[in-house]
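Let's take a walk through the packing of this protein, and through the gaps that the packing leaves.

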Amino acid sequence: MTMKNILTAAALSMALGGMATAAELVPLADESVETAKVLRDKALENDEAYELLASLTTEVGARLAASPKEAEAQAWAVAKFLELGFDRVWKEPVMVPKWTRLSESAHVAEPFAQPLTITALGKSVSTPEGGVQAEVAHFATFEDLKAADASEVEGKIVFISNRMERFKTGAGYGPAVRARGAGASEAARKGAKAILIRSIGTDTHRLPHTGGVNYEEDAPKIAAAALSNPDADQLVRILGYGETVQLDLTIQTTMEEPVEMFNVIGEVTGSEAPDEFVVLGSHLDSWDLGTGAIDDGAGVAITMAAANLIQDMAPKRPRRSIRVILFSAEELGLIGARQYAEAHEGKDIDKHIIGGESDFGAGPVWALASTVNPASLHVVDKMAALMGPLGVVRADRKAYGGPDVGQLGKVGMPVVDLMQDGTDYFDLHHTADDTLDKVDPVALRQNVAAWVVFTYLAADWPGSFR
């Protein structure tokens, strides 16, 4: 990022709709800044986040939403919060539909018989008994499928081959993921029997990426699966011979009535305004293919460790409380976050002072973005300055808060984004390769160091971010 992309508090104030005068600024105490520096440096020598992550991924493993394993993870989180000495630990109920993967297989029947490596997309329905045998209708993009006539699709298995692009920010995900989210309903409206998509990922491994499919009410539900990138390439090559390609596809899943799960919350009580709190968010569930180390075990470990470092090592408690929220069922559609936001919107959302989320793996934090009022931008600028030695710059865009915490942003809570380097995140995302060995302990320490700076200064500053 060049200097022209780094904005000062004054420039950001103007960009966000107003200039704060010096008289309006609530100063940040020198003592708070010095404490944040000390905590930052201590975090760089502390491996508690890695130890928490190792514990979660080893003792619990994969944590599919609404499964017994997610319940185990919630019990693990309660026990860890208590073991770490958090002042308050509690659970808030969440109702989550219970989807289970049973079996999945695909192979080319004609013209060149061979198996394909697939995984069912989350929430996919089953194929009819005996599977689906049909011709492939190939579309390069979701937009091409939308533009197609129903005669090109009816009675066939749709295959969308669009490839996700790699970016440090993960910017390639949004354009590519439409095929996964909306492809099934679009294909079904045109009479498709099932849909296969190229995995939404940037790797070249023969490991397919799962992820949620979103069925729309006005369309029939058809089975949906993802091919690994090499298998998608293979299928494109086979189609290139110009012959009719026949596939056999079998997917078996179940979807049961919602069951009670929980958002698990641990709180470090503030010294002067305990009923106000800074929110640190992550999600406790994962997909079932790997052990959920980068998505989002790393976020769980980072947020828990950051809050615990402050309660253990700060010379005094910050004035406000710190609330760590481990959300349920993010992967099935932000279910825990949406229910939390709904429950708190009319109750105490004004006490949610500011928040952020760690849910982009374990790569180092490289930029800090915010959506706050102009009179508080000097505080965010100071946070970025203290993160500077960690390699963090001040971003020139608004923050969105992350998938889960962003739901609180929508109902009025100011948010920050501690932007991580996601260059290789989508190599691992939603695959069997999402395991602890992919996490760099040094990068994890750097994340905690950045988070303690944000958390302590936000919790100790007496002004408002709204």
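What follows goes from the nonpolar cores to the pockets and then to the enclosed space.

Keep in mind that this is a predicted model. A good place to start is the largest nonpolar core, which has 101 residues. Met383, Met387, Phe454 and Phe465 are the ones with the most contacts inside it. Take Phe454: setting aside neighbours within four places in sequence, Phe454 touches Met383 and Met387, and its other contacts are Val278, Leu280, Ile354, Gly355, Val416 and Leu418. Another core, of 34 residues, lies apart from that one, with Ala106, Leu196, Ala225 and Leu249 among its members.

Now for the open spaces. The largest pocket has a volume of about 1,100 Å³. It is lined by 37 residues, and Tyr173, Glu330, Asp359, Gly402 and Pro403 sit closest to its centre. Helix H6 (173-189) supplies the largest share of that lining, 5 residues, while strand E14 (415-420) and helix H12 (425-428) each chip in at least two. By class, the lining is a mix of 14 nonpolar, 13 polar and 10 charged residues.

The second largest pocket comes in at about 280 Å³. Of its 20 lining residues, Gly363, Asp424, Tyr425, Leu428 and Lys438 are the closest to the centre. Here H12 gives the most, with 3 residues, and the classes split into 8 nonpolar, 5 polar and 7 charged.

What about closed-off space? There is 1 cavity of 30 Å³ or more, and its volume is about 50 Å³. Its walls are formed by Ser286, Trp287, Leu289, Gly290, Gly292, Asp295, His430, Thr431 and Asp434, which sort into 2 nonpolar, 5 polar and 2 charged residues.

Methods
Residues are numbered from 1 along each chain as its sequence is written. This is a predicted model: local features need pLDDT of at least 70, side-chain atom pairs count only at pLDDT 80 or more; totals for chains, interfaces and linings use all residues. Side-chain values use heavy atoms; hydrogens and water are left out. On a 1 Å grid over the protein atoms alone, a cavity is a set of points where a 1.4 Å probe fits but cannot get out, and a pocket is an open set with protein on both sides within 12 Å along at least five of seven lines; lining residues have an atom within 4 Å of a point. Grid points are joined across faces, edges and corners, and a volume is the space filled by probe spheres set on the points. Ala, Val, Leu, Ile, Met, Phe, Trp, Tyr, Cys and Pro count as nonpolar, Asp, Glu, Lys and Arg as charged, and the others, Gly among them, as polar. A nonpolar core is a set of buried Ala, Val, Leu, Ile, Met, Phe, Trp, Tyr and Cys residues joined through side-chain atoms within 4.5 Å. Buried means under 20% relative accessible area, exposed over 50%, partly exposed in between (1.4 Å probe, protein chains only). Contact means heavy atoms within 4.5 Å. Helices (H or I, at least four residues) and strands (E, at least two) are DSSP runs, numbered from the N terminus.
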